Amino acid sequence: MTRRLAAGFVACLATLLVGRSAAAQQYVLGGSATLASGIAGGGPDSAALERARTRLRVAIDFRVDEFPKDILAVGMLAELEPHSSFGIDLRYVRRLSPKLDVNAGGLAFFYPESLIGPTCGLNYHFVLSPTVDVVVGPELDVFIIGTDLPGNSVVWQGLLQAGIHVDL
Amino acid sequence: MLTSRLPLAFATMSVSALLGLAVGCKPGECLRVSDCNTGLMCVDGTCIDAGTDAHVDAGGDARPDGAPDARVDSRADSSASDAGKRPDSAQEGGSARDGGAHDGPTADAADAHADAHADAGEGGTKQPSDGGAADGTRG
């Protein structure tokens with residue numbers, strides 16, 4: 001009796017430890033790099049419009065192969081000119097069609113000053129190969145919190161971005 | 001229905017963003033604090049030196065708040081001021097600020113220009129706060 005109990009316990013333990021995740025559920029990784037620029041406005045003089053800073057975004061996105069339309073993306077942001085700043089963003093991307101997706105999330109710059117706000121965008125994919133797309137699309141960012149905001153103002157920017165996306 | 005309208009929205013937003021690329025950044029103005037150089041503050045859309053409260057323009061030179069731009073060529077103004085100080089010019093041509101110096105005799109106008117050039121040569125660029133010829137109150 002004791003031997004049978006011990007054998008059953010070992011069998012259960014072995015099943016738990018050696019058990020593999022379901023083969024149908026796999027994470028699919030993607031990577032992208034885009035350049036963006038556009039217009040920026042808001043601030044203390046809400047009528048002012050300026051050219052937005054040129055921004056480089058390098059991102060990784062994750063999705064589960066069972067739900068290929070739901071994608072989570074994390075990006076590193078670097079504004080290049082006329083002034084530099086660095087930050088990150090986190091977005092939920094929804095694939096509307098094989099060539100079109102929309103995204104929404106938040107972005108935050110933390111150097112040299114902090115700047116946080118929501119973002120949304122739209123991307124059109126020009127398919128070059130089954131794993132490589134050229135991505136073009138507009139994006140709207142609104143910065144509502146941060147030490148980079150003068151006074152109690154809000155700064156927004158509308159960007160047009162273009163780049164490449166690869167399924168890893 | 002939604003997907004049929006999306007390309008139109010996409011195109012509209014893209015064109016708007018492209019048009020925005022043509023908008024130039026105005027010098028000396030700021031939307032964000034980091035638009036200004038280190039040590040400056042962004043106040044009312046303008047980069048301001050926090051210590052001296054001096055506006056800073058694209059050229060990087062600072063001048064007191066409210067003071068006129070010293071880089072503006074003040075030759076005509078200073079010559080008029082000089083001419084205006086001459087009794088004969090004041091009588092013949094009226095106020096120097098009204099252009100009396102240029103209306104006066106040729107010799108007076110030429111003298112006034114010569115004075116102005118001499119002033120510039122002695123003191124370099126005239127600063128309004130120096131009390132020089134630019135404000136017509138030569139010491």
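Okay, chain B to start with: the helices and strands there number 5 and 4. Keep in mind that this is a predicted model. If you walk along chain B from the N terminus, the order reads α-β-β-β-β-α-α-α-α. Chain B has 139 residues, and buried ones make up 29% of them. And if you take the contacts in chain B between residues at least 6 apart in sequence, 30% of those join residues at least 24 apart.

Now over to chain A, and its strands. Let's go through the pairings one by one. Strand β7, residues 115-127, runs antiparallel to strand β8, residues 132-143, and 7 bridges join them. Those two strands make a hairpin, with 4 residues between them. If you want a spot to look at on screen, find A:Cys120, which sits opposite A:Leu140 in β8(A).

From β8(A) we can step across to β9(A). That pair is antiparallel too, with 12 bridges. Two places to check here: A:Asp133 has A:His165 in β9(A) as its bridge partner, and A:Gly137 faces A:Gln161 in β9(A).

Then which strand pairs with β9(A) over 13 bridges? It's β1(A), again in the antiparallel sense. Within that pairing, A:Gly38 is matched with A:Leu159 of β9(A).

Right, so what about the inside? The largest nonpolar core has 21 residues. Those with the most contacts inside it come from both chains: A:Ala40 and A:Val155, plus B:Cys30, B:Cys36, B:Cys42 and B:Cys47. As for which strands feed into this core, β1 (27-42), β6 (100-111) and β9 (155-167) of chain A each supply at least two residues, and so do β1 (40-43) and β2 (46-49) of chain B. As a bit of background, nonpolar side chains in soluble globular proteins tend to be buried together.

Let's zoom in on B:Cys42 from that list. What does B:Cys42 touch, leaving aside its neighbours within four places in sequence? From chain A there's A:Pro150, and from chain B there are B:Cys30, B:Arg32, B:Val33, B:Asp35, B:Cys36 and B:Cys47.

Last stop, A:Leu49. You'll find A:Leu49 in strand β2 of chain A, residues 49-51. Why does A:Leu49 count as partly exposed? Because A:Leu49 has 18 other C-beta atoms within 10 Å, and being buried takes 20 or more, while exposed means 12 or fewer. One more thing to look for: A:Leu49 and A:Trp156 are 107 residues apart along the chain, and their C-alpha atoms are separated by 9.9 Å.

How values were computed:
Residues numbered from 1 in each chain as written. Chains lettered and ligands numbered in written order. Predicted model: local features only at pLDDT ≥ 70, side-chain atom pairs only at ≥ 80, totals over all residues. Core = buried A, V, L, I, M, F, W, Y, C linked by C-beta atoms within 7 Å. Contact = placed C-beta atoms within 7 Å. Pairing = 2+ DSSP bridges.
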